[in-house]
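Welcome! Here is a short briefing to help you find your way around a structure you have not seen before.

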Amino acid sequence: MGRGKFKGKPTGRRQFSTPEQMMAGTSASRPRTFKKEEAELEEEERSEEESEEESEDEAGAELKGTQGIIQVDNPNVAKPKNVKARDIDMEKTTELSRREREEIERQKAHERYMRLQEQGKTEQARKDLERLALIRQQRAEAAKKREEEKTAKEQKKSEARK
């Protein structure tokens with residue numbers, strides 16, 4: 001089948017591994033020696049670690065260069081702070097931020113205002129109570145007026161029957 005003007009190079013073809021090849025470790029993307037090389041590197045690292053531990057045990061005082069002479073602490077290294085529960089000072093309070101303090105003050109002021117409101121000591125509460133008293137008075141007058149009208153109607157009916 002014709003491909004046109006340009007032909008693909010044989011190096012440009014992709015080779016995909018089958019699951020069997022991947023399980024066997026013989027896939028096209030990795031050489032067969034990869035596992036061996038990886039295992040050798042791991043062995044070397046283990047042997048280096050063991051030799052370092054042995055050398056530290058044997059020659060703890062021997063340090064390279066000026067490390068033994070000058071003790072330098074790196075200020076950039078974060079030192080872990082292990083604080084146990086028994087060491088915590090319960091009386092020591094942390095400083096609150098300005099926003100937190102203002103929020104707490106706002107809540108306390110609102111609670112104070114609501115208490116005064118319930119007791120009827122604020123101006124708004126006084127106005128509300130006056131309004132309520134006026135409404136009660138109006139309702140009482142309206143109830144009296146209805147009662148009077150009702151009694152008047154009953155008297156008219158009783159007179160009409162007689």
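The points below go from the overall fold to single residues.

This is a predicted model. The protein has 4 helices and 0 strands, and its elements run α-α-α-α from the N terminus on.

**Confidence**
- The mean pLDDT of the protein is 79, and 72% of its residues reach 70 or more.
- Among the elements, α4 has the highest mean pLDDT (94), while α2 has the lowest (72).
- Where pLDDT is low, the predicted coordinates should not be read in detail.

**Surface and burial**
- Of the 162 residues, 3% count as buried.
- The protein exposes about 17200 Å², and carbon and sulfur atoms supply 50% of that area.
- Ile69, Ile70 and Val72 make a nonpolar surface patch of about 340 Å².
- Within this patch, Val72 belongs to the loop between α2 (34-58) and α3 (98-119). Val72 has a relative accessible area of 64%, and it counts as exposed because that value is over 50%.

**A buried residue in a loop**
- Thr122 sits in the loop between α3 and α4 (123-161).
- Thr122 counts as buried because its relative accessibility is 10%, where the cut-off is under 20%.
- Setting aside neighbours within four places in sequence, Thr122 is in contact with Tyr113, Leu116 and Gln117.

**Salt bridges**
- A search of the whole structure finds 4 salt bridges; three of them are described here, one each from α2, α3 and α4.
- In helix α2, Arg46 and Glu42 are 4 residues apart, about one turn of the helix. Their side chains meet in a salt bridge at 3.6 Å, N to O. Arg46 is partly exposed at 49% relative accessibility, and Glu42 is also partly exposed, at 37%.
- In helix α3, Arg98 forms a salt bridge with Glu102, with the closest N and O atoms 3.3 Å apart. These two residues are separated by about one helical turn because they are 4 residues apart in the helix. Arg98 is partly exposed, with a relative accessible area of 48%, and Glu102 is partly exposed with 31%.
- In helix α4, the side chains of Arg131 and Asp128 meet in a salt bridge at 3.0 Å, N to O. Arg131 and Asp128 are 3 residues apart, so about one helical turn separates them. Arg131 counts as partly exposed at 48% relative accessibility, and Asp128 counts as partly exposed at 26%.

Notes: Residues are numbered from 1 along each chain as its sequence is written. This is a predicted model: local features need pLDDT of at least 70, side-chain atom pairs count only at pLDDT 80 or more; totals for chains, interfaces and linings use all residues. Side-chain values use heavy atoms; hydrogens and water are left out. Buried means under 20% relative accessible area, exposed over 50%, partly exposed in between (1.4 Å probe, protein chains only). Accessible areas come from the Shrake-Rupley method with a 1.4 Å probe; for residues, only the protein chains shown count as cover. Patches are made of residues with over 30% relative accessible area and no salt bridge: like charges are joined within 9 Å, nonpolar side chains (Val, Leu, Ile, Met, Phe, Trp, Tyr) within 5 Å. Contact means heavy atoms within 4.5 Å. pLDDT is the predictor's confidence in each residue, from 0 to 100.
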